[in-house]
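Here's a quick tour to read with the structure open beside you. Keep the viewer handy and click along as you go.

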Amino acid sequence: MNWSTLSWCASDNPKGEELLQLGRFPRVRLGHLPTPLEPMTRLSDRLGGPRLWIKRDDCTGLATGGNKTRKLEYLVADALKQGADTLITLGALQSNHARQTAAAAAKAGLKCVLVLEERVSQPTEAYRHNGNILLDRLLGATLNYVPRDTPMADAGARAAEEVRRSGGKPYLIPAGGSNAIGALGYVGCAVEMIQQAADLGLRIDRVVHATGSSGTQAGLVAGFDGVRSGVRVLGITVGRPRAVQEKNVADLLDETWAHLGLKGAAPRDNIEVNDQYFGEAYGVPTSAMKEAVQLVAETESLLLDPVYSGKAMSGLIDLVRKGAFGKDENIVFVHTGGQAGLFAYEPAFAA
């Protein structure tokens, strides 16, 4: 497959970062950016089209990398601006975001408290002790475990109060780093992809990614629509029904649009979520996820994770097989990282 002759038409303004003025927001450089934008030629050939590409946000650094690194560049900068000495964040036991927050704290010389919910029923010993949990400990974070269905905002507030009582100054980061500050990271990623595509002579028709806490999707939509690129975004949800997830994305898009100072209301017509691929529940493996992880590994030497990118890729593969995309379309899959989670889910793959 020869893709060198593709024409660029997704944006007339590759200087999107200047238009959005991202440079006026405080930022601490934590990531290995820009991350590569690469063709998945063998996977595309195996599936019979369309032209599949991958945005390698598993290569952002910070203790095996992942998408949260981009958000943390802005969140850590805000924490330092406020004089905080301790980062606190929330997530499931095997949270990729928690691990990257612990890494960012270590890099910035801050303390870190992780409030981790035992969200997955009947976890294995590997899930409890390997993968991201192992890395959290190596990175020096304090781990607070809470039972399933704990009100996490309340648990985070309690952790912050404990830091204050001990004389510290906490900075509470929401789950997934998903607020208007964190979403700036994926506004920047959208601009980065537009510039890379222009350099490659590539027309991006659609961007597909795993959507969970909403910050990645809201940031991408704000970035692509903010520079009027015409690039469509599809989020494949890893644990929530479509209507709930689309509302969450829309709410955060409004906040991000306002934070950027863009005129008018944020457009809603580029918010699209598919909820057909997360299976029984968040964090519970599916046979389609395992097939997707195996297929991408053996065709592209790429490792996906079992909770986010694996399930999102299973959705993309199924949609390709169903003919949801034109054979000549260029689809970019955003790899959100999380490969460390494979070691926590080893029993699922062994079976």
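What follows walks through the pocket, the cavity, the two sheets and a couple of individual residues.

Bear in mind that this is a predicted model. It has an open sheet of six strands and another open sheet of four strands. Its largest pocket has a volume of about 820 Å³, while about 40 Å³ of space lies in the largest cavity.

**The largest pocket**

- Start with the opening itself: 42 residues line the largest pocket, and the volume comes to about 820 Å³.
- Which residues lie nearest the centre of the pocket? Go to R119, G212, S213, R240 and Y308.
- The lining draws at least two residues from each of helix 3 (68–81), helix 4 (96–108), helix 9 (215–226) and helix 10 (242–260). Strand 3 (86–92) and strand 7 (206–211) also supply at least two residues each.
- As for chemistry, 21 residues of the pocket lining are polar, 12 are nonpolar and nine are charged.

**The largest cavity**

- The structure holds one cavity of 30 Å³ or more, and the space in the largest cavity is about 40 Å³.
- Around the largest cavity you'll find Q94, N96, N132, D305, P306, V307, G338, G341 and Y345.
- That cavity lining splits into five polar residues, three nonpolar and one charged.

**The six-stranded sheet**

- Read across this open sheet, the strands come in the order 1-2-10-7-8-9, and the pairing is mixed. Strand 1 (37–39) and strand 9 (273–274) are the edge strands, each pairing on one side only.
- Helix 8 (residues 180–200) packs on the sheet and touches strand 1, strand 2, strand 7 and strand 10 (330–335). The direction of helix 8 makes about 130° with that of strand 2.
- On one side, strand 2 (residues 51–56) pairs with strand 1 in the antiparallel sense, over three bridges. Look for E38 opposite I54 of strand 2.
- Strand 2 also runs parallel to strand 10, and six bridges join the two. Here R56 stands opposite H335 of strand 10.
- Why is strand 2 largely enclosed by the rest of the structure? Six of its six residues are buried, so the rest of the structure largely encloses strand 2.
- Both faces of strand 2 are covered, with R51, W53 and K55 buried on one side and L52, I54 and R56 buried on the other.

**The four-stranded sheet**

- The second open sheet runs 5-4-3-6, with parallel pairing. Strand 5 (142–146) and strand 6 (170–173) stand at the edges with a single partner strand each, so one side of each has no neighbour in the sheet.
- On average, neighbouring strands of this sheet are turned by 20° against each other, direction ignored.
- Strand 4 (residues 111–117) pairs with strand 5 in the parallel sense over five bridges, and V115 stands opposite N144 of strand 5.
- Helix 4 lies across strand 3, strand 4 and strand 6, and runs at about 170° to strand 4. Helix 4 also supplies at least two residues to the lining of the largest pocket.

**Two residues to click on**

- E246 has its place in helix 10. Is E246 buried or exposed? Its relative accessibility is 19%, so E246 counts as buried, the cut-off being under 20%.
- Leaving out neighbours within four places in sequence, E246 is in contact with I271, E272 and V273. V273 falls in strand 9 (273–274), an edge strand of the six-stranded sheet.
- G226 sits in helix 9, and G226 counts as buried because its relative accessibility is 9%.
- What does G226 touch, not counting residues up to four places away in sequence? Its contacts are L19, L20, V221, W257 and L262.
- One of those contacts spans a long stretch of chain: G226 and L20 are 206 residues apart in sequence, yet 7.1 Å apart in space, C-alpha to C-alpha.

Notes: Residues numbered from 1 in each chain as written. Predicted model: local features only at pLDDT ≥ 70, side-chain atom pairs only at ≥ 80, totals over all residues. Heavy atoms only, no water. 1 Å grid on protein atoms, 1.4 Å probe; cavity = no way out; pocket = protein on both sides within 12 Å on 5 of 7 lines; lining within 4 Å. Points joined across faces, edges and corners; volume = space filled by probe spheres on them. Nonpolar A, V, L, I, M, F, W, Y, C, P; charged D, E, K, R; others polar. Pairing = 2+ DSSP bridges. Contact = heavy atoms within 4.5 Å. Axes fitted to C-alpha atoms, helices over the stretch in contact; angles between N-to-C directions. Buried < 20%, exposed > 50% of the residue type's maximum accessible area, 1.4 Å probe, protein only.
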